[in-house]
Amino acid sequence: MKKIFLLCSFFACSLLFAQTEEELFGSADDDFFFDDGIEEFVETKTTEEAVDLSKGVLFQTGSVEISGNFDLSLTTCTTFNKDTETKDSFENTILFPAADAQIIVDARPSENLRLYLKSGINYPYVTESKATIITSPFPQTPTTFDFKNMFYVKELFGDFNIGPNVAFRFGKQTVTWGVGYFFSPADVINLTAIDPENPTAQVEGPLALRTQVVFPGTQHAIWTYVIPENPVLYVEGQGAISYAKNTAFAAKGDIVIGPNEFGIGGWYKYQNSPRAMLTFSGTIFRNYSIFAEGVLAFGKDSAWLKNSTEDKKPIFQTTAGIMRFWKDQNITVASQYYYNQQEDAANASFSTHGHNAAIMCNFGKIGTDSFSSQIFAMMNFNKVAGIASVMLKYNPINEFSISCGPYFDWKEDNLSTSIKLVFDFGSGKF
C-alpha cells in the first residue's frame, strides 16, 4: 500500500488537462444542479428571479427551454503497420460518418417540479428497405437489422422537493459520483465508464431514485440512490421486467471546507461485491485543481455470486490527478495516475489492470484563433501498451473545421500508426 500511495503522490504532481474547470468537476447538461446541489441554483439567480426555498419553491412556474446539438462530421483513418504495404493501407482507409443530433427539453410546469428529457438519434438510420425485415423488437436471429442505439434516451427524469433542504430525482439520469477526469473507479453507479480519449463526453446513466439532503446553512450534503436492475430482462409473455432482489443501493456524504470537497460513500447489490470509496477535489497554490479517489471492493463479484469465500480478498483501486489552466495563453494541461487491481472486463478495448497514466494538453490558440491543437497519451505499464495522438485543428469559419494528425497504438513490440482526418461540417448547438 505504501508503494501505491507513493505512486499516487508522484503522478499527482504532474500537470493536467481540462477544457475548463467546469468540465473537470461538473456536467453542463445538468448545471442546474451542479452535482446536483440546490444551493447552486439559488446563487445563480438575480434578486428579481430568486426562488424562495424557505417556502418550498424550487423552480419558476411555466418555463420551458428547448435546446440541442448536432454532430455533422466525417472522419477518415488510414492505418500503417510493418506487415502491410502502403498501397494496401490507403486502399483500406476507413470512413466514420456522423450525422447525429440530440434534443433537450427542460420544463418547469410548477414551482416545485422540473421535467427533463435528453434524447437523440445516431447514424446509420433505419431505411424503409431495412425496416421491412424487422418482425419484432426482439428478433430471433442476429442477421436481422440491429438498431444499436439509433434512437436513444440519454436522460429522462423529474425533480421535486420537500421543503428547502430535501430534493428528489427519479428517472434515467447520469450520476456525478466520482471526481476523476480520465479514470473514475469511484463511479460505480453509471452504466458506462469514462472514455479517456473523450473524457468530457456524457456517460450512460441508470434509472434511479436519488435523494439529496442539504444541511441547513452549509454546502454539506448526503446523497442516496435506489437503482433498479439495469438492463431489464425480457421474458416471453411478460415483457421487460426486473427483479427487486437485484436492486442496488448507494449512499454518499460530501463535506465542503473552503475550496475543497471530501466525500465518503458505499455501494451494495445482491450477489455483488460491496464497495466503499473516498473522494477528494480541491485546489492547491490557487491555480492548480487536484482530485483523488480510493475504492475498496470486498472481493470479486463471482465470489459473491457463488457465495464462495475463496475470492473475497480486498481489491483496491486508487487514482490521483492535477489540472492547470493558463487563461492568457489559452493552454490547459491535465494528467492522472490510476492503479487498478480489478480484472479487465471481457469486452475491454484497453487494459487498465495494474498501473496506468494519462496526460492531455490542449492549445486553444496557436498564433491565431483559427489554429488549435491537442496532444493525448495513455499507457498501461503492466501490459506495456498504450495509445497517443497529436491533432492540429484548422477552423477558418465557425461552420467548418478540419483536424489532422497521427494516432499511435502499441502493445509491447507491436506498433500501429494511423493518420486521422476529421472534417466538421456545420456542427453546433442551439
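Trainee: Here's my cheat sheet: buried is under 20% relative accessible area, exposed is over 50%, and partly exposed is in between (1.4 Å probe, protein chains only). What does Phe70 count as?

Mentor: Phe70 counts as partly exposed, because its relative accessibility is 38%. Phe70 lies in strand S1; helices (H or I, at least four residues) and strands (E, at least two) are DSSP runs numbered from the N terminus.

Trainee: What sort of model is this, by the way?

Mentor: This is a predicted model, where local features need pLDDT of at least 70 and side-chain atom pairs count only at pLDDT 80 or more, while totals for chains, interfaces and linings use all residues. Residues are numbered from 1 along each chain as its sequence is written, and side-chain values use heavy atoms, leaving out hydrogens and water.

Trainee: OK, big picture. How many helices and strands does the chain have?

Mentor: The chain has 6 helices and 21 strands. Of its 430 residues, 38% are buried.

Trainee: And contacts: what share join residues at least 24 apart?

Mentor: With contact meaning heavy atoms within 4.5 Å, take the contacts between residues at least 6 apart in sequence: 53% of those join residues at least 24 apart.

Trainee: Can you walk me through one residue? I've clicked on Leu156. Where is Leu156 found?

Mentor: You'll find Leu156 in strand S4, which covers residues 151–162. Leu156 is partly exposed, because its relative accessible area is 47%.

Trainee: What does Leu156 touch?

Mentor: Leaving aside residues up to four places away in sequence, Leu156 touches Tyr116, Leu117, Phe170, Gly171 and Lys172. Take Tyr116: 40 residues separate Leu156 and Tyr116 along the chain, while their C-alpha atoms are 5.6 Å apart.

Trainee: Changing topic to rings. How many aromatic pairs are there in the whole structure?

Mentor: A search of the whole structure turns up 14 aromatic pairs. One of them is Phe160 with Phe168, stacked at 5.3 Å centre to centre with 20° between the planes. Rings of Phe, Tyr and Trp (its six-membered ring) pair if their centres lie within 6.5 Å; planes under 30 degrees apart count as stacked, over 60 as edge-to-face and the rest as tilted.

Trainee: Back to my cheat sheet, then. Is Phe168 buried or exposed?

Mentor: Phe168 is buried, because its relative accessible area is 17%. Its partner Phe160 is partly exposed, with 35%.

Trainee: Which residues form an aromatic cluster?

Mentor: Have a look at Tyr181, Phe182 and Phe376, which form one aromatic cluster.
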